[in-house]
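Reader: I work at the bench and would like a close look at one part of this model, namely its salt bridges. Could you take me through them with care, and then through the pieces of chain around them?

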Amino acid sequence: MRYDIQNFLFEARNFKFSTMAAPKHSYANRLKGSEKNVWVEFTKLASEPGVLNLGQGFPDFQAPEHVVKSLQKAIGSGNKFVHQYTRPFGHPRLIKALSEVYSPLLKRPVDPMTEVLVSVGAYGSLFCIIQGMVNPGDEVIIIEPYFDCYEPMVRTAGGIPVFVPLRPSKHGVKMSSADWKLDPKELESKFSDKTKLIVVNTPNNPLGKVFVQSELEMVAELCKKYDVVCVADEVYEWMTYPGIEHIKIATLPGMWDRTITVGSAGKTFSVTGWKLGWSVAPENLLMGAKLVHQNSVYTCPTPIQEAVAEGLELEIDRRDSVDCYFKSLALELLPKRDELAQVLEGLGMHPVVPEGGYFMLADISQMKVDLSDYNKDEPKDFKFAKWMIKEKKLAGIPPSAFYCSEHKQMGENYIRFCFIKEDETLKSAEDILRKWKQESS
């Protein structure tokens, strides 16, 4: 049977954890507490017939033609070795291309052989970094809202996640992701001699916030003061909107030596199913991640690495052109973002307009919806998202999933929508929202 998204959704609908009684048949204790997963739960709900899915963050349009052709070329070439294992820490052609991309961005030469690690997506890169650096009892600062894998990755490494939230300066009105800020005193209060890492996601998922230089300098000074390593999750680095500059924290004074920068082929080229990512850092900071990688993943698919390398080489050659995908994708997404924001505002779901990435939070605090039939112990946004799927056939993601248990209330008045979709898909979503507005009136 051909494996496609429908097969995946079928499996998600029928997935459940085994609850065998015998203690020796149970999964490891370090994994307990990580069973609940927002993606498993809402993939199942969004897969029901007739539901329009603006929840999960993947494009429903074709990947760039030249990248697809690069993969076809790699597979169909006469090079028999492209079908075999390649260098464990990154295919030679790919790490060379990554060095050429990141050296000017990081304002220093990047050694492709020692300062780049290719792994299974940014997800796999983050896993290798955290497992490779965190000792039991080490503290890891996580800025909220955060991509939900950070917390279980830290806990399974034996670390202690320490959370600090971005707080909105406005409520109940349309705003920008720039209106969400860290409190300097609160941030520093989370640092101590136990702090090993801080994870900084910019542009942020789910918020779309792009940290400005003064904010990154604040983080950098604390990293240097407390001798902390920064994990810079920058997978949406190319998706910033006009007037917004993405600054790499590794370029700030004294930060190259204490920063691991994470990137993604899936986000860069709109090929999330290729699951290829990378880490760029000084050799000593990558040692732990390389050890985890070599003893688990070992290497990544050679044809995919070859194709991504060729794709990057083309973008490097046309970096200054408007046709460069590094630039053109954000411009393609801009009208999608603005149209969705306008429709949400018209419904009374005040949007948080993102400066980067392809997600948008919408404020649901003023929506008049009866949620009494839903689990009273769940956060409001979980109940609202389930109601919206059932009653409006529109799927979003509840953002309280991106907060720790103590801070769930900070996210429960929002819903996250994804707008990296075909115009036709977004128009269907907008039709649902407009009809909803008419019914409310």
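Author: What follows goes through the salt bridges pair by pair and then turns to the backbone beside them. The model is predicted, so local features need pLDDT of at least 70 and side-chain atom pairs count only at pLDDT 80 or more, while totals for chains, interfaces and linings use all residues. Residues are numbered from 1 along each chain as its sequence is written, and side-chain values use heavy atoms, with hydrogens and water left out.

The structure holds 28 salt bridges, a salt bridge being a side-chain nitrogen of Lys or Arg within 4 Å of a carboxyl oxygen of Asp or Glu. One of them joins Arg93 to Glu313, with 2.7 Å between the closest N and O atoms. This pair links distant parts of the chain, since Arg93 belongs to helix H4 and Glu313 to helix H11 (residues 302-317), 220 residues apart. Here helices (H or I, at least four residues) and strands (E, at least two) are DSSP runs, numbered from the N terminus. Arg93 is partly exposed at 27% relative accessibility, and Glu313 is likewise partly exposed at 24%; by the cut-offs used, buried means under 20% relative accessible area, exposed over 50%, and partly exposed in between (1.4 Å probe, protein chains only). Both residues also belong to a network of salt bridges that links Lys73, Arg93, Glu306, Glu310 and Glu313.

A second pair is formed by the side chains of Lys196 and Asp138, at 3.6 Å from N to O. Lys196 sits in strand S8 and Asp138 in the loop between helix H5 (121-133) and strand S3 (139-144), so this bridge ties together parts that are 58 residues apart in sequence. The two ends are not equally covered by the class cut-offs: Lys196 counts as partly exposed at 24%, whereas Asp138 is buried, with a relative accessible area of 15%.

The third pair is local, for Glu151 and Arg155 both lie in helix H6 (residues 150-156), four residues apart, which is about one turn of the helix. Their side chains meet in a salt bridge at 3.1 Å, N to O. Glu151 is buried at 18% relative accessible area, while Arg155 is partly exposed at 45%.

The backbone that follows two of these elements also deserves a look. Helix H4 (92-106), which carries Arg93, leads into a loop that runs to strand S2 (116-119) and contains Lys107. The phi of Lys107 is near 60 degrees, a positive value in a residue other than glycine, and Lys107 is exposed, with a relative accessible area of 69%.

Strand S8 (195-201), the strand of Lys196, is followed by a loop that reaches to helix H8 (213-226) and holds Pro203. The peptide bond from Thr202 to Pro203 is cis, with omega near -10 degrees. Pro206 lies in that loop between S8 and H8 as well, and a cis peptide bond joins Asn205 to Pro206, with omega about 25 degrees. Taken along the chain, then, the loop after the strand of Lys196 has cis bonds leading into Pro203 and into Pro206.
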